[in-house]
Amino acid sequence: MNDSVLNSLSFKLPLYGFILAFGFLAPLLFPAYTSQISVLWVMIVLALTWDLQGGQMGYNSLGNIFFFGFGMYVSAVVQIGLVYDVGVYTQASGGGIFNFTPAQYYLGLGLGMLAAGVLSAISAVLLGWIVFGLRGPYFAIGTLGIAIAAGELTGAWEWVGAGQGISMPQVPGDPDSAKYFLNLLNFFLVISLFVFLSWLYSTRFGHAINAIRDDEEKAEGMGIHTTRYKTFCWAISAFFLGVVGAIFGNMIGFIEPLEVAFQTINFGIFMVVMVLLGGKGTLWGPIIGAIVFHVIKELTWTYLLGWQWVALGALIVIIVVYFQDGIMGWIKRQRPEWFGIRVEQQDLEAQPGAAE
Amino acid sequence: MSQILGNLSILWQAPVFNLSLLIDGLMIGAVFALSAYGLALVWGVMNVKNLAQGDFVMIGGYIAWVMSLNGIHPLFGVPVAFVALWGFGWVIYVLIIRRVIDQDLFTSLLATFGLAIVIEQVLNILFTSDTQTADAGFDSFLLFDGLVTIPQVKLIGFILAAILALAVILFMKNSRMGQAIRATAQDERAARVMGIDTDKVYAFTFSLNAAICGAAGALISMIWVIQPFFGITYSIRAFVVVTAAGFGNLPGVIAAGLGMGVIEQFGGFILGAEFQQAIVVGLLLLVLIVRQVQQARLRQVVQ
């Protein structure tokens, strides 16, 4: 793999430089689009975490959005609970009565993100005990059931605001710099997730989960403790999903069980579609898929208002039915040498007298 | 919590309410059993998980509702929905299902999920998101001094569902196409070797499933409410019923469908109507966990 075009330094360095420059400067150059760019980072995190266990491990979950919403609520409770009584706060539904000093806010946000990530990971371990005996479509439907149930139950829980939801504490400072701050937070999360995953996929762990995807029984026969790997893999997904959920809750400013937190139809299905669009089981596929999907989504929301959901549903069907390999899979077929796959060249070398 | 206990004590003190809930549950469960049977058919024969099942039901419901608005009795909506959804199912088969049939199961699950989104959004644009009921204009039977009411329309719905189920069962047993469908379900390759056009069988099976769902939807619009976004709940109900009963087990599917209706009625009464969807999903998780425990025991025996 090391000699492939996509892995060469002359390709990588400008690319990484461009991404870093974009992440820091784009919101400053185009302040009107800061929220959209921020959402783009969120969607990349969603796609990467889904691919970790849908694409690399072959366990197609439809309910990963559960951890997103769970993290969002955990963070909200921690952020508010540090200063006020949560039940009283939600009953007053914010209302601007309760104020947070900058120190209280940033401490709450930091602790909230941490708690969201850790508790999501723990909940993944506990849920994994229930669902990892399920295979294939049963796993997908079972996880979807968990996400829907979580939304319904949260909607009936008065202490966290039930169906009315919670108004989140505001980021201190003027709105523009607050947006930039959350955008940077998302961007750092994307970078750390990307670096972590590219390291993870090169380790024994990465090969083990690929083995589970390819043939779980054989992997078990080879001595891989499959349940442990599966649970750990899901916990990693859940950790990052919980953290991004915590940040997203602060971005939106108002969280609510069905439309914002446990949004099974929106982000819950988007994350799967983004991965399929970009290419399952690749490192860059989910990122490319997320970018393309986000642009398409924003365009349909702008130009097809009213019909945007129909267009998006049709897009899902088209991607799933006609474009299974995704963008990365398509490029791989067109230009295998970019990926270090050298079918033709090896054939050429095998012939006597053929020049390299 | 106190509300739940209060509801429980009502059931305890006035046993006649239990009877009323039971009858309601059985009548609605008959319709669940219909759509679940369609899913069992498609799942067993084609190995496709159709998540748009509930949205087919909703389309059928809106057909009957639109007819009742135009002065036609919604009972006529049942055959009309059957025929219309037959055609719709065939189109969906040609456009989508045929291309995912030999892919892995997750592909068909996701493709039909996308289809479900399209259908519910189109219904939402056409008919808004208000809940609707087609007014069939029937009276109710009153039993036990009016404590138990049986709306005639529910009874008619129950009978129609039974007739439809019986017709489908007889068709599968006796007709040539029914035989071909069963043969394809057993072994697709062997069926093709024997000269069965499996593509035609698949198209027929999927259309039949859509038609059954459409008829079930027309019944639902009379005895309950329809709304564009209720489809997914019906899909999950069908999935729960089939998972609990296992496909190819027709009496099981019917029993599980009726049981589902009864449990939902009791659960809705005890916990409150806002928990309806949570009850359905809770049942799904329960069934999956029970199945898993059973299989874990089996796995240990094998080892």
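Q: How do the axes of helix H2 (residues 34-54) and helix H13 (residues 285-303) of chain A lie to one another: roughly parallel, roughly antiparallel, roughly perpendicular or oblique?
A: In this predicted model, the axes of H2(A) and H13(A) come within 8 Å and cross at roughly 135°. Angles over 145 degrees would count as roughly antiparallel, and 65 to 115 as roughly perpendicular. The crossing angle of roughly 135° fits neither range, so H2(A) to H13(A) is oblique.

Q: Which class of residue, nonpolar, polar or charged, has 9 members in the contact of H2(A) with H13(A)?
A: H2(A) passes H13(A) in a right-handed crossing. On the H2(A) side the contact includes A:Leu40, A:Met43 and A:Ile44, and on the H13(A) side it includes A:Pro286, A:Ile287 and A:His294. By class there are 4 polar and 2 charged residues, and the 9 are nonpolar.

Q: Is H13(A) roughly parallel or roughly antiparallel to helix H14 (residues 308-322) of chain A?
A: H13(A) and H14(A) pack with their axes 9 Å apart, at an angle of about 150°. Angles over 145 degrees count as roughly antiparallel. H13(A) is therefore, with respect to H14(A), roughly antiparallel.

Q: How many nonpolar residues are in the contact of H13(A) with H14(A)?
A: Here too the crossing is right-handed, with H13(A) passing H14(A). H13(A) brings A:Ile296, A:Lys297, A:Thr300 and A:Trp301, while H14(A) brings A:Gln308, A:Ala311, A:Leu312 and A:Leu315. Sorted by class, 2 are polar, 1 is charged, and the nonpolar residues number 5.

Q: Is helix H12 (residues 267-278) of chain A roughly parallel or roughly antiparallel to helix H15 (residues 326-334) of chain A?
A: The axes of H12(A) and H15(A) are 2 Å apart, and the helices pack at an angle of about 10°. Their contact is made by A:Leu276, A:Leu277 and A:Gly278 together with A:Gly326, A:Ile327 and A:Met328. Because angles under 35 degrees are the cut-off, H12(A) and H15(A) are roughly parallel.

Q: Which helix of chain B gives the largest share of the side that touches chain A?
A: Let's turn to where the chains meet. The contact takes 32 residues from chain B and 29 residues from chain A. Helices H4 (77-100), H5 (105-127) and H12 (276-302) of chain B each supply at least two residues of the side of chain B that touches chain A. The largest share, 14 residues, comes from H5(B).

Q: Is B:Leu288 buried or exposed?
A: B:Leu288 sits in helix H12 of chain B. Leaving aside residues up to four places away in sequence, B:Leu288 touches A:Leu134, A:Tyr138, A:Gly142 and B:Thr243. B:Leu288 has 24 C-beta neighbours inside 10 Å, so B:Leu288 counts as buried.

Q: How many residues has the largest nonpolar core?
A: Those with the most contacts inside this core are A:Val45, A:Ala47, B:Leu219 and B:Val241. B:Leu219, for one, touches B:Val31, B:Val78, B:Gly157, B:Leu160 and B:Ala161, not counting residues up to four places away in sequence. The number of residues in the largest nonpolar core is 200.

Q: Which residue in the loop between helix H2 (15-46) and helix H3 (53-69) of chain B has a positive phi of about 60° although it is not a glycine?
A: Most residues other than glycine have a negative phi. The residue asked about lies in that loop of chain B, and with 16 C-beta neighbours inside 10 Å it counts as partly exposed. The residue with the positive phi of about 60° is B:Asn47.

How values were computed: Residues numbered from 1 in each chain as written. Chains lettered and ligands numbered in written order. Predicted model: local features only at pLDDT ≥ 70, side-chain atom pairs only at ≥ 80, totals over all residues. Contact = placed C-beta atoms within 7 Å. Helix = DSSP H or I, 4+ residues; strand = E, 2+ residues; numbered from the N terminus. Axes fitted to C-alpha atoms, helices over the stretch in contact; angles between N-to-C directions. Left-handed = near helix turned anticlockwise from the far one by under 90°. Nonpolar A, V, L, I, M, F, W, Y, C, P; charged D, E, K, R; others polar. Core = buried A, V, L, I, M, F, W, Y, C linked by C-beta atoms within 7 Å. Buried ≥ 20, exposed ≤ 12 C-beta atoms within 10 Å, placed from the backbone.
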